[in-house]
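Trainee: I am new to this structure. Please take me through its empty spaces, and then through what lies around them.

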Amino acid sequence: MKAKAAAGLMLAAMVLVFCASGAWAEKLICISKEELRGQETVKSCLARGEKFAIVDEYGAVRILSKEEMELMGKLNPKVYDLPAYGLKYEPEAPPVPKLPHHAIPKKYQ
C-alpha cells in the first residue's frame, strides 16, 4: 500500500514538473526601452525603431534584427499585437504565441 502511495506521489510530482517547464516559453523583450510595461504594442515600438530580443526559459538572449522581426511578423502576425515589455519587467511579459507544427497534418493535431 505504501509503495502505491509513493508511486502516486512520484507520478504527481513528475507531471507538475513537466507542466511547469512547458508553461515558461520564449518572451519578446524590448531592449531599447527598459521601462516598458505593456502600455504599448510591439507594432508601435517597431514603428519607432525600437530593438527587440527573444529570451528563453534558460535566460539565453538572442537580439533580433529588423529583418528577423519582419519575418517573425509574417509567420506569426499575433506577435505584433503583444504588449511590449522592457527588460526591467521581463517576468511579467507574456510568452510569444506558438504556431502549430507545420510538419504534422491538421487532421492529426
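Mentor: What follows is a walk through the pockets, the cavity, the cysteines and two glutamates.

Keep in mind that this is a predicted model. Rolling a probe the size of a water molecule over the atoms shows where empty space is left.

Start with the largest pocket. About 240 Å³ of space lies in this pocket. Its lining includes Glu26 and Ile54. Met72, Leu75, Asn76 and Val79 are also among the lining residues. The run Val96, Pro97, Lys98 and Leu99 belongs to the lining too. By class, the lining of the largest pocket has 7 nonpolar residues, 1 polar and 2 charged. Glu26 and Lys98 are the charged ones. Asn76 is the polar one.

Now the second largest pocket. Its volume is about 190 Å³. Among its lining residues are Leu46, Gly49, Glu50, Lys51 and Phe52. Leu64, Ser65, Lys66, Met69, Glu70 and Tyr80 line the second largest pocket as well. Which helix gives the most to the lining of this pocket? It is helix H3, residues 66-75, with 3 residues. Look for Lys66, Met69 and Glu70 there. The class split for the second largest pocket is 5 nonpolar, 2 polar and 4 charged. The polar pair is Gly49 and Ser65, because Gly counts as polar here.

Next comes the enclosed space. The structure holds 1 cavity of 30 Å³ or more. About 30 Å³ of space lies in the largest cavity. Leu28, Val42 and Leu82 are among the residues that line the cavity. Pro83, Tyr85, Ala93 and Pro94 line the cavity too. How many residues of its lining are nonpolar, polar and charged? There are 7 nonpolar, no polar and no charged residues.

Turn to the cysteines. How many disulfides does the structure hold? The count is 0. Take Cys30 and Cys45 to see why. The sulfur of Cys30 has its closest cysteine sulfur in Cys45, 5.0 Å away. A disulfide needs the two sulfur atoms within 2.5 Å, so this pair is too far for a bond. From the other side, the closest cysteine sulfur to that of Cys45 is in Cys30. Both cysteines are buried: Cys30 has a relative accessible area of 0%, and Cys45 has a relative accessible area of 0%.

Cys45 leads on to Glu40, as Glu40 touches Cys45. Glu40 is found in strand S2, residues 37-41. Its side chain makes a polar contact of 2.7 Å with the side chain of Arg48. Beyond its four nearest places in sequence, Glu40 also touches Lys33, Leu82, Pro83 and Ala84. Two of these touched residues, Leu82 and Pro83, line the cavity.

Finish with Glu92. This residue is found in the segment after strand S5 (83-85). Is Glu92 buried or exposed? It is partly exposed, with a relative accessible area of 40%. Leaving out residues up to four places away in sequence, Glu92 touches Arg37 and Tyr85. With Arg37 there is a polar contact between side chains, at 2.8 Å. Tyr85 is one of the cavity-lining residues. Lys27 is 65 residues from Glu92 along the chain. The C-alpha atoms of Glu92 and Lys27 are separated by 9.7 Å.

How values were computed
Residues numbered from 1 in each chain as written. Predicted model: local features only at pLDDT ≥ 70, side-chain atom pairs only at ≥ 80, totals over all residues. Heavy atoms only, no water. 1 Å grid on protein atoms, 1.4 Å probe; cavity = no way out; pocket = protein on both sides within 12 Å on 5 of 7 lines; lining within 4 Å. Points joined across faces, edges and corners; volume = space filled by probe spheres on them. Helix = DSSP H or I, 4+ residues; strand = E, 2+ residues; numbered from the N terminus. Buried < 20%, exposed > 50% of the residue type's maximum accessible area, 1.4 Å probe, protein only. Contact = heavy atoms within 4.5 Å. Polar contact = N/O pair within 3.5 Å; in protein donor to acceptor, adjacent residues only side chain to side chain.
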